[in-house]
Structures are given as structure tokens and as C-alpha cells.
Amino acid sequence: MQPHDNHIAPILPPESVPQHVAIIMDGNGRWAKGQGHQRLFGHQHGVDAVREVVRTAAEVGVKYLTVYAFSTENWGRPSDEVDGIMHLIAGAILSELDTLTQAGIRMNFIGDLASLPEALQESIHTAQQVDLPSDRLRMTLNVALNYSARWELTEAMQQIASEVQNGTLAPERITPETIDDHLTTHGMPDPELLIRTSGEKRLSNFLLWQLSYTELYFTDTLWPDFGREQMLEALRAYGQRHRRFGKL
């Protein structure tokens, strides 16, 4: 993931770049159908889009990039497609790991990982063993696998309830920060920008707590066609917005 030759700074002033970007990568299946192929063909080309977007985000100074790779609802898809996606993700993690590490990008995984196939869990474990020192860390890539916001919030509530029950946390001391600390994204800033491709305009059970004040960007571009220029366009659009947080 070597930087591109063209100079980025004048295009995206550092002060306009969000620290944390979240992406719902949608449209692989429709893209494949348009090409006359099975849905898995779209997922395979979607990996190329992820590679390009990760490289671009790191170059412009994004510190956290969270991509929605597989939701808990996706298990309802045909078994051959699900099996193909699991195999594809497991292979992509291992094949991209060295390149990402050399580029200063750390991989992190959020979701109900224990319920994933063993081969994919092994790939995740390998990636999570890589420790980048802070002086080399450019960006953290969060991959949401077997994830849903309702699952995440339920897990957080159960942990908090357990702490109340055993006396280590008083109910009146529960704050929004308490909930933040029990989420899979604890220690990270909330996303300032959410991108969703393929023309759909919904959150699909993704980071519901964290997206409370996030700027939303929707594009008709199908995910396999979402590359460097499309990512820069989304970031430019974000840079033109004035975030009020309910104030004037």
C-alpha cells in the first residue's frame, strides 16, 4: 500500500479529514448480476475496493476506518454464498496482512467473532497478534464481522448489569461514557462520517450508538466501483459540512 504519486494535502486539508470513517459496503451482488456473474464474483471484486479505500483513507490521515463486512443478518443468505464469503474474508486477511502492517495499518475485528467458522477465527487471531508500535501506527482498520448494533448493545447492557449486580458499579453512576466503555469500539472516537454505497439509505443495524451525531453520505455507486476518487469525493463532501451538534 504505497502512497500514490499525486499530492493529497492541497485536495484535502488535514483539518477537514475525519478521524473515524465508517462504511456500509453495499452492492456487490447487484454489481455481479450486472456483469452476468454469480454474487460471489461481486464479493471478490469488493475486496479490491476495500484495498483501494483503505489505502486512500490512510494517505489522507484518517485514523480509524470501520467497514461492515458481514452482519448477523447475512447468515440468512444462501449457504454457498455465505461459505464463499467466509472463505474470501479469511484469505483476504492473511494475504493483506503484511502489506497493511508495512503501511502502518493495524487490523482490528468487532462482532460476535466466536460464532465464526474456525478457519476465519484463525485468520483473525493471526492478524490480531501483530502489534504495531504507536510511532508506526497510521490507521486502525476495524472489520465488523458477524456484527449487529443490537447484539453489541445487548452485550454491553449485560456487562453493565453484571457489574451492578456484583456491586462494582452503582446504577446512578451509569453514564453515556459507561456505555461507550463497554462497546466494541471503546477507546476510539465515534465516526464523524458514515458512507453507504449502492443507493440504499438506511443504517442496517450498524454502530447505532456510535452514529448518533455522524454525518451521513449516500452514493448510488455500487461497492466494487467505489475506489479512490469516490472515497475522496465523499471526504470532500464531509469537509464542506458544518457540524452543529444541535447548536446554532
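Buried means under 20% relative accessible area. Glutamate 52 has 18% relative accessibility, so this residue counts as buried. The views below come from a predicted model.

**View 1. A salt bridge within helix 2.**
Arginine 55 and glutamate 52 form a salt bridge. Their closest N and O atoms are 2.2 Å apart. Both residues lie in helix 2. They are 3 residues apart, about one turn of the helix. Glutamate 52 is the buried residue introduced above, at 18% relative accessibility.

**View 2. Arginine 39 meets glutamate 81.**
The two side chains form a salt bridge, with an N to O distance of 2.9 Å. This pair links distant parts of the chain. Arginine 39 sits in helix 2 and glutamate 81 in helix 3, 42 residues apart. Arginine 39 is partly exposed because its relative accessibility is 36%. Glutamate 81 has a value of 7%, so it counts as buried.

**View 3. Glutamate 96 meets arginine 51.**
A salt bridge joins glutamate 96 to arginine 51. The closest N and O atoms are 2.8 Å apart. Glutamate 96 belongs to helix 3 and arginine 51 to helix 2. The two residues are 45 places apart, and the pair links distant parts of the chain. At 14% relative accessibility, glutamate 96 is buried. Arginine 51 is partly exposed, with a relative accessible area of 29%.

**View 4. A network of salt bridges.**
Side chains of opposite charge can pair when their charged atoms come close. Here five residues are linked in a network of salt bridges: Asp26, Arg30, Arg196, Glu200 and Arg202. The count for the model comes to 11 salt bridges.

**View 5. The largest pocket.**
This pocket has a volume of about 830 Å³. Its lining holds 38 residues. Those nearest the pocket centre are Met25, Asn28, Tyr68, Ala69 and Phe70. Several elements give two or more residues to the lining. They are helix 1 (28–34), helix 2 (39–60), strand 2 (64–71), helix 3 (79–102) and strand 4 (139–147). By class, the lining has 20 nonpolar, 8 polar and 10 charged residues.

**View 6. Alanine 69 at the pocket.**
Alanine 69 is placed in strand 2. It is among the residues nearest the centre of the largest pocket. Its relative accessible area is 25%, so alanine 69 is partly exposed. Leaving aside neighbours within four places in sequence, alanine 69 is in contact with Met25, Ile89, Val143, Ala144 and Leu145. Met25 is also one of the residues nearest the pocket centre. The C-alpha atoms of alanine 69 and asparagine 142 are separated by 9.7 Å. Along the chain, these two residues are 73 residues apart.

**View 7. Leucine 65 in the largest nonpolar core.**
The largest nonpolar core contains 47 residues. Ile23, Leu65, Leu145 and Met231 touch the most other members. Helix 3 supplies the largest share of this core, 8 residues. Apart from this core lies another, of 11 residues. Tyr68, Ile110, Tyr147 and Leu194 are among its members. What is leucine 65 in contact with, beyond its neighbours within four places in sequence? On one stretch of the chain, the partners include His20, Val21 and Ile23. Val53, Val54 and Ala57 are also in contact with leucine 65. The list is completed by Met139, Thr140, Leu141, Asn142 and Met231.

**View 8. Positive phi at asparagine 146 and leucine 207.**
Asparagine 146 has a phi near 50°, a positive value in a residue other than glycine. Asparagine 146 is found in strand 4. Its relative accessibility is 4%, so asparagine 146 counts as buried. Leucine 207 also has a positive phi, near 50°. Leucine 207 lies in the loop between strand 5 (193–196) and strand 6 (215–218). With a relative accessible area of 1%, leucine 207 is buried.

**View 9. Glutamine 44 and glycine 84.**
Glutamine 44 is found in helix 2. At 38% relative accessibility, glutamine 44 counts as partly exposed. Glutamine 44 and glycine 84 are 40 residues apart in sequence. In space, their C-alpha atoms are 9.4 Å apart.

Methods. Residues are numbered from 1 along each chain as its sequence is written. This is a predicted model: local features need pLDDT of at least 70, side-chain atom pairs count only at pLDDT 80 or more; totals for chains, interfaces and linings use all residues. Side-chain values use heavy atoms; hydrogens and water are left out. On a 1 Å grid over the protein atoms alone, a cavity is a set of points where a 1.4 Å probe fits but cannot get out, and a pocket is an open set with protein on both sides within 12 Å along at least five of seven lines; lining residues have an atom within 4 Å of a point. Grid points are joined across faces, edges and corners, and a volume is the space filled by probe spheres set on the points. Helices (H or I, at least four residues) and strands (E, at least two) are DSSP runs, numbered from the N terminus. Ala, Val, Leu, Ile, Met, Phe, Trp, Tyr, Cys and Pro count as nonpolar, Asp, Glu, Lys and Arg as charged, and the others, Gly among them, as polar. A nonpolar core is a set of buried Ala, Val, Leu, Ile, Met, Phe, Trp, Tyr and Cys residues joined through side-chain atoms within 4.5 Å. Buried means under 20% relative accessible area, exposed over 50%, partly exposed in between (1.4 Å probe, protein chains only). Contact means heavy atoms within 4.5 Å. A salt bridge is a side-chain nitrogen of Lys or Arg within 4 Å of a carboxyl oxygen of Asp or Glu.
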